[in-house]
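Me: Could you take a close look at the salt bridges in this one for me? I'd like to know who pairs with whom, and how covered up the partners are.

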Amino acid sequence: MSSFFPSLTTVAKGAFATTVGLGTLSAGLLYYGQSYLIYPSAFTQIGDDGPPAEPASYGLHHELVELKTKDGEILRCYLLPQKKELPKATKFRSLPKVPISAIEGATESGYSEMTDEEVLSQRPTVIMFHGNGGNAGHRIPLGMMFQQVMRCNVLGVEYRGYGESTGTPSENGLAIDAVTALEFVRGDPRLRNTPVILYGQSIGGAVSIDLASRFPGEISGLILENTFLSLRLLVPHVLPLLGPFRWLCHQRWESAGKGIPREMNVLLLSGQSDTLVPPKHMKYLRKIFSARPHTRRTLGLSPLSISQEGKNEDEVNEERTQFILFPEGTHNNTTAQHGYWNRIGDFVAEVGKEWREQQKQYRS
């Protein structure tokens with residue numbers, strides 16, 4: 001019998017070898033395959049992924065733009081610019097098209113007397129950074145809300161490797177893409193002086209935080225939905241078996257500790273029922289943004305307005321970070337929750353109002 005059954009030593013060795021083998025396989029999967037896990041839609045079709053939709057199919061006033069990055073990739077994005085009279089959308093026809101005269105500040109700004117390009121140059125510009133699934137074409141309905149209802153200019157950014165953009169996605173690559181998008185806005189004579197708001201969903205929130213920390217003087221507001229503190233902290237939740245090997249995650253996207261000045265308006269939108277990114281990540285970000293150590297002065301920037309000169313630094317952060325929790329919101333349906341767009345509309349209006357006041361003070 002002893003020759004038929006393996007000894008305890010043999011069993012132990014086999015178990016150990018299996019454990020080591022699985023561990024090595026898991027480590028290899030995380031290290032070498034993480035780009036496929038983190039940026040899936042760049043490598044394979046998921047659900048209705050495919051040729052990205054274009055704004056023309058929605059009947060929107062738009063421009064298709066190709067942005068060339070410093071490392072030679074081509075980002076095929078779309079711009080939804082403003083004009084006094086926007087065409088009625090051919091999809092989602094029930095969505096109201098708000099007249100420019102009904103926008104807050106329209107009378108004092110004299111929108112009715114302006115040309116189309118003058119109106120465009122006076123409205124906020126929203127740069128949209130989408131999540132890791134799908135492509136920018138899937139977010140056109142979100143862009144419609146900003147263009148049609150809030151009367152913002154919208155740049156829908158398509159990351160490298162996604163949609164029809166060239167290249168392969170990576171943390172460094174997406175960071176370059178974000179800088180390229182901002183450079184486009186600041187280089188366009190129609191948009192260059194507009195207040196810029198970054199709108200980032202999931203990994204797009206990490207992209208937005210990184211961009212805002214690199215160019216804090218160029219960004220007026222951050223809107224972040226269901227994003228995370230870092231990918232390394234997210235791995236144990238999304239891929240529990242790979243949790244012990246999270247240190248091998250070279251796509252880090254660390255959002256804590258970035259130099260975001262207190263004066264920058266931040267809106268955090270969190271789905272309490274998000275099972276992909278635990279809501280505690282957004283709650284931690286709330287604490288981080290509410291306790292920002294830097295002001296524009298400590299970052300070497302001039303005050304936003306004359307009225308802030310000499311102001312106590314603790315007062316600068318007052319009401320600058322808003323956190324909204326949606327109890328039924330999941331990772332992918334928070335945008336459909338009651339009050340979501342109302343909160344964003346109020347935020348955009350406030351950013352626009354502050355910008356107009358700053359312009360008045362600069363001119364006086």
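Reply: Here is a walk through the salt bridges, followed by a few loop residues and a charged surface patch.

Keep in mind that this is a predicted model. The count of salt bridges comes to 10. Let's start with Arg190, whose side chain meets that of Glu63 in a salt bridge, at 2.8 Å from N to O. That pair links distant parts of the chain, with the two positions 127 residues apart. Glu63 belongs to strand 1 (residues 63-68), while Arg190 sits in the loop between helix 5 and strand 5 (196-201). Arg190 has a second partner in Asp188, and here the N to O distance is 2.9 Å. Put together, Glu63, Asp188 and Arg190 make up a network of salt bridges.

How covered up is that trio? Arg190 has a relative accessible area of 17%, so it falls under the 20% cut-off and is buried. Asp188 is buried too, at 9% relative accessibility. Glu63 comes out at 26%, so it counts as partly exposed.

Now for a local pair. Asp210 forms a salt bridge with Arg214, and their closest N and O atoms are 2.7 Å apart. Both residues are in helix 6 (residues 203-214), and because they are 4 residues apart there, about one helical turn separates them. Asp210 is buried, with a relative accessible area of 10%, whereas Arg214 is partly exposed at 47%.

While you're in there, have a look at some of the loops. Asn226 lies in the loop between strand 6 (221-225) and helix 7 (231-238). Its phi is near 45°, a positive value in a residue other than glycine. That's worth a glance, because most residues other than glycine have a negative phi. Asn226 is also buried, at 2% relative accessibility. The side chain of Asn226 makes a polar contact with the side chain of Thr334, at 3.0 Å. Thr334 comes from another loop, the one between strand 8 (321-326) and helix 10 (340-363). With a relative accessible area of 0%, Thr334 is buried.

Arg151 also has a positive phi, about 60°, although it is not a glycine. You'll find Arg151 in the loop between helix 4 (140-149) and strand 4. At 1% relative accessibility, Arg151 counts as buried.

One more loop residue to click on is Ser165, between strand 4 (153-156) and helix 5 (171-187). Ser165 is buried as well, at 8% relative accessibility. The C-alpha atoms of Ser165 and Cys77 are separated by 8.2 Å, although the two residues are 88 apart along the chain.

Finally, to the surface. Glu85, Asp116, Glu117 and Glu118 gather there in a patch of negative charge. The residues in such a patch have no salt bridge, so these four are not among the paired acids. Glu85 lies in the loop between strand 2 (74-80) and helix 2 (106-109). Its relative accessible area is 61%, so Glu85 is over the 50% cut-off and counts as exposed.

Methods. Residues are numbered from 1 along each chain as its sequence is written. This is a predicted model: local features need pLDDT of at least 70, side-chain atom pairs count only at pLDDT 80 or more; totals for chains, interfaces and linings use all residues. Side-chain values use heavy atoms; hydrogens and water are left out. Patches are made of residues with over 30% relative accessible area and no salt bridge: like charges are joined within 9 Å, nonpolar side chains (Val, Leu, Ile, Met, Phe, Trp, Tyr) within 5 Å. Accessible areas come from the Shrake-Rupley method with a 1.4 Å probe; for residues, only the protein chains shown count as cover. Lys and Arg count as positive and Asp and Glu as negative; His and the chain ends are not counted. The place of a charge is taken as NZ of Lys, CZ of Arg, CG of Asp or CD of Glu. Buried means under 20% relative accessible area, exposed over 50%, partly exposed in between (1.4 Å probe, protein chains only). A polar contact is a pair of N or O atoms within 3.5 Å; within protein, one must be able to donate a hydrogen and the other to accept it, and residues adjacent in sequence count only if both atoms are side-chain atoms.
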